[in-house]
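Hi,

Here is the structure I promised to pass on. Have a look at it first, and my notes follow underneath.

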Amino acid sequence: MSNRYVGENYGGDLLNDLTLTYLENIEKYEPICKRGELMSYTSRSMAICGFSSNSRFYYKYKKHAEKLARKYPIHILANKEDVYSVINQNDIDDQITEAFKVLEEIRWFDAEVFKSYYLHSHSLKSLSDATGINKNTLYQSIQKAKDYLQKNKKRIG
């Protein structure tokens, strides 16, 4: 059932998270079990946890992949839920790998700033604070890398 909501990559993780939640609050779920409603409650919980950006499951497993898919400038998704399926996760990984190969063709500094900015979810300010490099310099490097990736979009996929 969990695979249906979040795909095979995350199905086991969703089930594990819900099981831990149930075990942490077992007395809360005893009345639900006695009424015979545990399966429908579990199904509903999986749907909520699988698609809610406020759930513990989202923060543990899905946030990073979703952020890459949303922010990476060369990737286009059919819809938000497809980010988590096996095929599309492999597509994302392949495109990111190919984008890194393309980035090897530009100045090392521009490529590394771009990777740090997108992969580690930095803002210009946080990256500037962490590195001591001027925000304008960082912005220009990120823009150069973005422009180069846009020019080579066909190679990336």
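A word on angles before the helix pairs: under 35 degrees counts as roughly parallel, over 145 as roughly antiparallel, 65 to 115 as roughly perpendicular, and the rest as oblique. The angles run from 0 to 180 degrees between N-to-C directions, and the axes are lines fitted to C-alpha atoms, for helices over the stretch in contact. Helices here are DSSP runs (H or I, at least four residues; strands are E, at least two), numbered from the N terminus.

Please keep in mind that this is a predicted model, where local features need pLDDT of at least 70 and side-chain atom pairs count only at pLDDT 80 or more, while totals for chains, interfaces and linings use all residues. Residues are numbered from 1 along each chain as its sequence is written, and side-chain values use heavy atoms, with hydrogens and water left out.

First up, α2 and α4. Helix α2 (residues 8-24) packs on α4 at an angle of about 120 degrees, with 11 Å between the axes, and the two are therefore oblique to each other. The crossing of α2 past α4 is right-handed (the near helix is turned clockwise from the far one by less than a right angle; anticlockwise would be left-handed). On the α2 side the contact (heavy atoms within 4.5 Å) is made by L14, L15, L18 and Y22, and on the α4 side by L38, Y41, T42, S45, M46, C49 and G50. Sorted by class, that contact has eight nonpolar, three polar and no charged residues. For the classes, Ala, Val, Leu, Ile, Met, Phe, Trp, Tyr, Cys and Pro count as nonpolar, Asp, Glu, Lys and Arg as charged, and the others, Gly among them, as polar.

S45 sits in helix α4 (residues 38-51). Is S45 buried or exposed? S45 is buried, at 12% relative accessible area (buried means under 20%, exposed over 50%, partly exposed in between, with a 1.4 Å probe and protein chains only). Setting aside neighbours within four places in sequence, S45 is in contact with L18 and Y22.

α4 also has a neighbour in Y5, which lies in helix α1 (residues 2-6). Not counting residues up to four places away in sequence, Y5 touches S43, M46, A47 and F51. The C-alpha atoms of Y5 and G50 are 6.1 Å apart, although their positions lie 45 residues apart along the chain.

Next, α7 and α9. Helix α7 (residues 108-119) meets helix α9 (residues 135-151) at about 95 degrees, with the axes 8 Å apart, which makes α7 roughly perpendicular to α9. Their contact includes F109, V113 and Y117 of α7 and L138, I142 and L149 of α9. The contact residues divide into nine nonpolar, two polar and three charged.

Last, the salt bridges (a side-chain nitrogen of Lys or Arg within 4 Å of a carboxyl oxygen of Asp or Glu). The whole structure has four, including these:

- E37 with R35, the closest N and O atoms being 3.0 Å apart; E37 is partly exposed at 34%.
- E112 with K115, at 3.5 Å from N to O; being three residues apart in helix α7, they are separated by about one helical turn.
- D129 with K125, at 3.1 Å from N to O; D129 is exposed, with a relative accessible area of 55%.

Cheers
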